[in-house]
Structures are given as structure tokens and as C-alpha cells.
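Please look through the structure below with some patience, beginning at the ligand and then moving out along the chain. The paragraphs that follow take up the ligand and its surroundings, then a pair of aromatic rings, and lastly two details of the backbone.

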Amino acid sequence: MDHRPLGRTDLRIAPLVFGGNVFGWTADEATSFRLLDAFVDHGFDAIDTADVYSAWVPGHRGGESEAIIGRWLAANPGKRDKVSIFTKVGSDLGEGRKGLSARWIAQAADDSLRRLQTDRIDLYFSHWPDAEAPYEETLGAYEALRAAGKIRHVGASNLDAAQLEAALGVSAAKGLPRYDVLQPEYNLYDRAGFEGPLRDLVLREAIGVVTYFSLASGFLSGKYRSEADLAGSRRGDAVKKYLNARGQRILSALDEVAADHGARPAEVALAWLMASPGVTAPIASATSTEQLASLARAAELRLSTEQKARLDAAGDTASQDGNRP
Ligand SMILES: NC(=O)c1ccc[n+]([C@@H]2O[C@H](COP(=O)([O-])OP(=O)(O)OC[C@H]3O[C@@H](n4cnc5c(N)ncnc54)[C@H](OP(=O)(O)O)[C@@H]3O)[C@@H](O)[C@H]2O)c1
């Protein structure tokens with residue numbers, strides 16, 4: 001499996017990052033351990049989580065995903081050095097525990113390290129922009145964590161081009177850590193947020209990119225083709241917005257290219273991201289070892305120029321009917 005440099009960090013990662021929001025949500029602890037073991041056995045080496053995962057599950061408070069990863073690391077002493085751990089700060093955990101202030105970042109990093117049962121976070125993301133925290137304060141807090149050896153690199157999620165450019169300017173002017181990795185939403189269907197000024201900026205600045213919702217919450221696997229298919233899925237609400245004519249065109253193109261390779265649509269959707277300009281690695285999750293095997297096949301799938309163009313055209317937001325259903 002080819003490994004790719006993650007921007008200007010010293011991390012080199014396999015071309016697919018495990019999405020940890022399923023741990024304690026759609027994957028119970030025993031399943032999560034099996035998935036993590038299989039992930040490493042397939043040769044992958046980076047795991048993405050966040051302090052807030054999975055606070056949306058009734059009865060959860062956030063931290064459940066990190067705690068499962070922590071117990072897996074504790075149960076498998078040899079594994080810590082085989083994986084890079086990415087986590088995030090900034091989402092609202094309730095009781096004022098949110099945002100990117102220096103005070104909260106210092107506390108949140110210690111909380112994450114404790115749950116993860118490790119002494120370092122390899123890549124620490126600002127989860128969402130915080131208009132109330134100046135970049136200088138946030139990046140200064142990261143500098144203190146880095147000096148203490150608690151984090152190694154910093155990244156940002158959900159920033160637009162103007163916000164990322166402003167943050168990079170502060171890093172350069174003040175000699176503070178820079179956001180070396182971006183985590184945007186990006187997949188064959190949701191393209192407008194990344195393509196354009198943001199992609200131009202990450203290419204110009206050699207910023208690593210790990211994309212989220214890479215499978216559009218499972219829609220790009222092709223298993224949801226009608227409202228009836230959503231019944232019984234905990235992802236149903238998130239997938240509904242894709243059930244329109246443009247979504248169907250994308251699935252048809254995925255079906256065609258998948259048939260060319262004897263592959264599955266999810267594998268083609270991930271291979272398209274892996275071959276997309278600016279993208280270092282998609283983040284994707286799985287809830288079974290069968291799905292995980294599919295993610296591994298995606299990392300070996302090579303699309304031809306013609307296949308890539310066919311997929312690009314099917315999801316092209318600039319096409320005559322754009323995003324309209
Ligand atoms: N930075 C942010 O703001 C942000 C926001 C959201 C997510 N994320 C990150 O991105 C990661 C990925 O997001 P996500 O897991 O929500 O969405 P996703 O990767 O787009 O969808 C993954 C889901 O699709 C289904 N799936 C995967 N492989 C499949 C296959 N071969 N066949 C059929 N179904 C398959 C599984 O769900 P089922 O089995 O349940 O159908 C799986 O959990 C998260 O874990 C998180 O780390 C970041």
C-alpha cells in the first residue's frame with residue numbers, strides 16, 4: 001500500500017484514515033476492537049476521532065469514541081506505535097466546555113489524552129471555527145501543548161479559504177504552529193465546499209487534506225436508492241438529502257465503473273477521492289469487517305483517466321442542472 005506524506009508534517013500515512021465516530025455508536029466496543037485490529041492488519045495506520053464523539057447518542061456525553069480507542073490501545077500495547085491518532089477540540093460538550101480558547105484547549109487536550117490512554121496526540125484539530133477566540137490565542141495554546149510534548153501537529157476542520165488563509169497569516173507573523181492539515185467535508189456528491197479557493201490554497205501551501213463524510217454517510221455505497229431503503233438505518237436522516245436526480249446520476253456512474261473493476265461502488269467512490277487533486281487520504285468508517293475489507297480494496301483500486309472523468313461529470317455541480325433534484 002502506498003504511503004503519503006501528510007502535508008509538511010513528518011507523518012506518512014496509508015491512503016485511508018479510519019473514522020472513529022462509529023465507536024460506541026453504530027459499532028459496540030467488541031466490534032470496534034475487531035475493526036481496529038483488522039484495520040491495522042490491512043496495513044492502515046491513522047485513526048480520526050473527536051472529544052465530542054458520540055454525544056449525539058442518547059445517554060452519551062462525548063468522549064465515548066476516544067475511551068474505546070484508549071481501551072483498545074491499553075489492551076494491545078504494541079499497537080500505539082503503529083498508528084497515528086487524530087482527535088479534535090472545539091465542539092460543544094455542554095456546561096460551557098466548547099470553543100477554541102486557550103483555557104479550554106489546555107483542559108480538553110488533557111481530557112482527551114486521559115481517555116485515549118496515551119501520552120501524545122499525533123494530530124490535534126480545531127473542530128469548528130470559533131469567532132470568539134482569536135487565532136493567536138488558539139495557536140498559542142497549541143504551541144504550549146506542543147512544547148509540553150502532548151501534541152505533535154495541528155490541523156483545522158470546517159474552515160473556508162478566507163478563514164484558513166487568515167490563520168496561516170497569524171502563524172507566519174507570530175511564529176506559531178500552522179494548520180498543516182485540513183479536514184473538510186468532501187465526496188463525489190458534496191464538492192462545492194472544497195473545490196475552488198480552498199483547494200487552491202491547500203495546494204499552494206502544501207497542506208495535507210483528510211476528507212470527511214467520504215462515503216456521504218454510506219450513500220455512495222449504493223445501498224440507499226429509495227426512501228424505503230432508509231427505514232431502520234440510524235443514518236437515514238443524514239442520507240435523505242442525497243435521494244435526488246443528481247444523486248442517482250452519481251450512483252449510476254459508480255455502478256458502471258464498479259462493474260468495470262468487479263468492485264463495489266463504495267470502493268470506487270473512495271478511489272476517486274484518493275485520486276483527487278489536493279486530497280491526501282479520505283477518512284471513512286466501517287461497521288463490519290466486510291466493509292473494512294472493502295475499504296482496503298479501495299486503496300488498491302486505480303481508476304483510468306476516462307473513469308475519473310466519467311465520475312467527475314456525473315457529480316459536476318457546474319453542470320446544467322447543478323444541485324437541483
Ligand atoms: N470534522 C468533522 O466535522 C467531521 C464530521 C463528520 C465526520 N467526521 C469524520 O469522518 C468520519 C467518516 O464519517 P462517517 O463515518 O460519518 O461517514 P462516511 O465515512 O461517509 O460513511 C461511513 C459509513 O458508511 C457505511 N459503509 C462503509 N463502508 C461500506 C460498504 N462497503 N458498504 C456499505 N456501507 C458501507 C457504514 O455505515 P453503516 O454500516 O451504519 O451503514 C459506515 O459507518 C467520521 O468517523 C469522523 O471521523 C468529521
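In this predicted model, the side chain of Asn158 has an N or O atom that lies 3.0 Å from an oxygen atom of the ligand. Two other side chains can be described in the same manner: for Arg235 the distance from an N or O atom of the side chain to a ligand oxygen is 2.7 Å, and for His127 the corresponding distance is 3.3 Å. On its own the ligand has 910 Å² of accessible area, and the protein covers 92% of that area.

Around the ligand there is a shell of 30 residues, of which the closest are Asp48, Lys223, Arg235, Ser285 and Thr287. Sorted by class, this shell is made up of 11 nonpolar, 15 polar and four charged residues. If you follow the chain to see where some of them come from, you will find that β10, which spans 281–284, and α11, which spans 289–298, each contribute at least two residues to the shell. The space that the ligand takes up is the largest pocket.

Turning from the ligand to the aromatic rings, one can find 12 aromatic pairs in the structure. One of them is formed by Phe86 and Phe125, whose ring centres are 6.2 Å apart and whose planes meet at 70 degrees; because an angle over 60 degrees counts as edge-to-face, this pair is called edge-to-face. The two partners belong to distant parts of the chain, since Phe86 is in strand β5 (residues 84–89) and Phe125 is in strand β6 (residues 121–126), which places them 39 residues apart.

The backbone also deserves a careful look. Most peptide bonds are trans, and most residues other than glycine have a negative phi. The peptide bond from Tyr53 to Ser54, however, is cis, with omega near 0 degrees, and Ser54 is found in the loop between β4 (46–48) and α2 (64–75). Gln117, a residue other than glycine, has a positive phi near 55 degrees, and Gln117 is placed in the loop that runs between α3 (102–116) and β6.

Conventions: Residues are numbered from 1 along each chain as its sequence is written. This is a predicted model: local features need pLDDT of at least 70, side-chain atom pairs count only at pLDDT 80 or more; totals for chains, interfaces and linings use all residues. Side-chain values use heavy atoms; hydrogens and water are left out. A residue is near a molecule or strand if one of its heavy atoms lies within 4 Å of it. A polar contact is a pair of N or O atoms within 3.5 Å; within protein, one must be able to donate a hydrogen and the other to accept it, and residues adjacent in sequence count only if both atoms are side-chain atoms. Accessible areas come from the Shrake-Rupley method with a 1.4 Å probe; for residues, only the protein chains shown count as cover. On a 1 Å grid over the protein atoms alone, a cavity is a set of points where a 1.4 Å probe fits but cannot get out, and a pocket is an open set with protein on both sides within 12 Å along at least five of seven lines; lining residues have an atom within 4 Å of a point. A molecule sits in a cavity or pocket if more than half of its atoms lie within 2 Å of its grid points. Helices (H or I, at least four residues) and strands (E, at least two) are DSSP runs, numbered from the N terminus. Ala, Val, Leu, Ile, Met, Phe, Trp, Tyr, Cys and Pro count as nonpolar, Asp, Glu, Lys and Arg as charged, and the others, Gly among them, as polar. Rings of Phe, Tyr and Trp (its six-membered ring) pair if their centres lie within 6.5 Å; planes under 30 degrees apart count as stacked, over 60 as edge-to-face and the rest as tilted.
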